[in-house]
Amino acid sequence: MKKQIKQCNCEHEHHECCCGHEHHHVEEERKELKSHGKKVVYTIENIDCANCASKIEKKMNALPEVEEAILTFATKQLQVASNSNEDLLPLLQEVCDSVEDGIVITQKNQSIKELREAKKESKKSEIISIGIGAFLFVSGMILKERIEVFSSILFILSYLILGAEIVLAAGKNILKGKVFDENFLMSMATLSAFAIGEFSEAVGVMLFYRIGELFEQIAVERSRSQIMEAVDLRPEVVSRVIGETVEIIPSEEAKVGDIVLVRAGDRIPLDSIIVEGKSQIDTSAVTGEPVPVQVKEGERVTSGCVNLTGMLKVRVEKMLEDSMVSRILHSVENAASSKPKIDRFITKFARIYTPFVVILALATAIIPSVITGNWEHWIYTAITFLVISCPCALVLSVPLAFFSGIGAGSKKGILFKGGIALEGLKDVKQVVVDKTGTITEGNFILQKCVALSGTEEELLYLAGNCEMISTHPIGNSIVMAGKAKGLQLERPQKAEEISGKGIRATLKEGEVLCGNRSLMEENQINLQQYEKKSYGTEVLVALNRKFIGYLVIADTIKEDAESAVCKIKEEKIGITMLTGDTKKSADAIARKVGIQDVYAQLLPQDKLEKLQHIRKEKGRVMFVGDGINDAPVLAGADVGAAMGSGADVAIEVADVVFMNSSVESIPTAIHIAKQTGRIAMQNVIFALVIKILVMVLGLLGFANMWLAVFADTGVAMLCVLNSIRVLYKK
């Protein structure tokens, strides 16, 4: 990724500047993150409930070989950090087997499409068994009033096909000391129904439970695959150029420095620099921007973008694991692992809630039965409690809502680094932005050329010749402006660069001074005709000791900055600008974009101090920056966001990355976060209200097991569908 270099408006000080403005000569400061060894991502299949997931996670974290294990029930993803060189897969599988039989762990090295193909066969056999069980159940219902014996046999056969595996799993888990799981609840409920002679209800509940679980699984997998396919832009192969030949190699084998061929219509495989050719590229998959971008030799291109027209040869700058396509994918994959508070609360709640409902069910079955003698009625009521108590809707829908929010952000070029970032962002009260590279483009351009003697072109020609020896970005912008005007610039015959002031050069026209006011005053140049009016850096020019004019170099305000500030304010969120720039320049830019609170001439440590002060006054703070010197502030904010065009260290430290470097991404990210939070809360309230309502109806004798099944799998499916709404919201 391109590193953006910020400059200060310090009157053209070329070398070591002591103006206290925001320079990138400061030493890099990185956020201290929890240090882990290698991280491996696994896919975990056939896990039945969140309680099981929680127990497995706890046992894995107790292993001496494991530094940290995070198991996410909703996305079936297991992340393990370890310093051990051993293959941990057998050890992890052993832990799963000790908790629940049938769980399968595989290392996540297959594409989404390959995983989907592998699951098709098992899903097919599940559909066949449900189909046979349903046929026997319907046959039993038809014969129920005519031949009761045959009907009972058909119900038993149907139950064996539909429920034998669940009952067996429940028995094995009880032997391992794990009682309160979904297998146990469904087994106890249906076997109790058999015990009181409700054969049809026992089989019906098991049938609809299996159907509900299947649809729930399909809904979750489809929503997950939609998200992952949308962001999985990794190429399988690349075309490496060696001399005159082109060889097709796996993308992970491409090394830094390799030359890769990208034909029209191909996706750019790795972060690279164009060495030959020009084209238009579609960056929408990475940045969310629909307008194609023109690129040519020498320009950087980001992996994941599509080459639309010409053929390109690019030199690989980053290997696959470090390229943008992998960064996007990892960001979304790892999203579920940083569990937000609401997710952690629901998981803990489920551990208490399920045993509580089981105890309540036993009390409902025994106490009223002893008093009234109506055992059949109260056992039936207790069974409905057991079916209702499955907490799937809760533990599945909350993380899936956050996962969907992260996917929605990725489609718009916004990378949320986990559910915690989304949860933090939805409660932000104040947005604090850096100026250069965030509100402005960060590229210094000649804005005005004021000639007091001669023409503007002559003034630019003299200044451009002087600046030919300079490496300062402000000097470079003058040279570029001269060349853009078609001026034939020449290096000076003799030149001296005066630290912090400017340049003295000898040209064929005479002696030229080009720099700040201090340089002019030091050489007794009469500046009566000069008056600073514009914001930005003004470079003064004198020829043969006579002041002949000045040039204004300033950063460009981003086109969407003003509209973005308005949208942030519409969300009832305040906005403050912190900058190392001069107060005059900072105020001028703030006025143009509509920011009232501005703090200028700040060093990096001053920014952090000011941020902490704003947090005390306003509440939760989001900081948006892009430079190396923004890293401490990004790390110190409640939510740190970095522009994608910024320094790598800022991107590394940030909780959110705006790939398109657009200011509009700030209110968009806040909107997605708020929407995700609302959906997660809707799911929690909806699931709990339905479950409590069915429990009350059950106690009053109005709810049967069919309604209980809806309260479990039906509600779970509705919550899953509600969770993925954020993906399709505009």
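Arg300 and Glu317 make a good place to start: in this predicted model, the two form a salt bridge, with their closest N and O atoms 3.1 Å apart. Look at where the partners sit. Arg300 belongs to strand E11 (residues 300-301), while Glu317 is in the loop between strand E13 (312-316) and helix H8 (324-333), so the contact ties together parts that lie 17 residues apart in sequence. Neither end is hidden away: Arg300 has a relative accessible area of 47% and is partly exposed, and Glu317 is partly exposed too, at 30%. If you're wondering about the label, partly exposed covers the range between the 20% cut-off for buried and the 50% cut-off for exposed, so both residues fit it.

Now step back to Glu299. Its side chain meets that of Lys296 in a salt bridge, at 3.0 Å from N to O. Glu299 has 26% relative accessibility and so counts as partly exposed; Lys296, at 48%, is also put in the partly exposed class. Glu299 leads us on to another part of the chain as well. The C-alpha atoms of Glu299 and Val275 are separated by 8.3 Å, though the two residues are 24 apart along the chain. Val275 itself is part of strand E8 (residues 272-276), and with a relative accessible area of 26% this valine is partly exposed.

Going further back along the chain, we get to some strand pairing. Strand E5 (residues 237-242) and strand E6 (residues 245-250) run antiparallel to each other, paired over six bridges. To get your bearings in that pair, find Ser239, which stands opposite Ile248 in E6. The two strands make a hairpin with two residues between them, and there Gly243 takes a positive phi near 65°. E5 has another partner too: it pairs with strand E7 (residues 259-262), again in the antiparallel sense, over three bridges. Here the residue to find is Arg240, which stands opposite Val260 in E7. As you trace these strands, bear in mind that side chains in a regular strand alternate between the two faces of the sheet.

How many salt bridges does the structure hold in total? The count is 15, and a few further along the chain deserve a look. One of them brings together the side chains of Asp638 and Arg615, at 3.1 Å from N to O. Asp638 is in the loop between helix H20 (631-636) and strand E25 (639-643), and Arg615 is in helix H19 (residues 604-618), so this pair ties together parts 23 residues apart in sequence. Both ends are partly exposed, Asp638 with a relative accessible area of 27% and Arg615 with 24%. Elsewhere, the bridges don't stay in pairs: Glu496, Arg504, Glu511 and Arg545 are joined into one network by salt bridges that share partners.

Finally, turn to some acidic residues on the surface. Which residues gather there in a patch of negative charge? They are Glu456, Glu457, Glu458, Glu490 and Glu509. Take Glu457 as your way in: this residue is found in helix H14 (residues 456-466) and is partly exposed, with a relative accessible area of 48%. Patch members must have over 30% relative accessible area and no salt bridge, so Glu457, at 48%, clears the accessibility cut-off.

Methods
Residues numbered from 1 in each chain as written. Predicted model: local features only at pLDDT ≥ 70, side-chain atom pairs only at ≥ 80, totals over all residues. Heavy atoms only, no water. Patch = residues over 30% accessible without salt bridge, like charges linked within 9 Å, V, L, I, M, F, W, Y side chains within 5 Å. Areas by Shrake-Rupley, 256 points an atom, 1.4 Å probe, with all protein chains shown as cover. Salt bridge = Lys/Arg side-chain N within 4 Å of Asp/Glu carboxyl O. Lys, Arg positive; Asp, Glu negative; His and termini not counted. Charge placed at Lys NZ, Arg CZ, Asp CG, Glu CD. Helix = DSSP H or I, 4+ residues; strand = E, 2+ residues; numbered from the N terminus. Buried < 20%, exposed > 50% of the residue type's maximum accessible area, 1.4 Å probe, protein only. Pairing = 2+ DSSP bridges.
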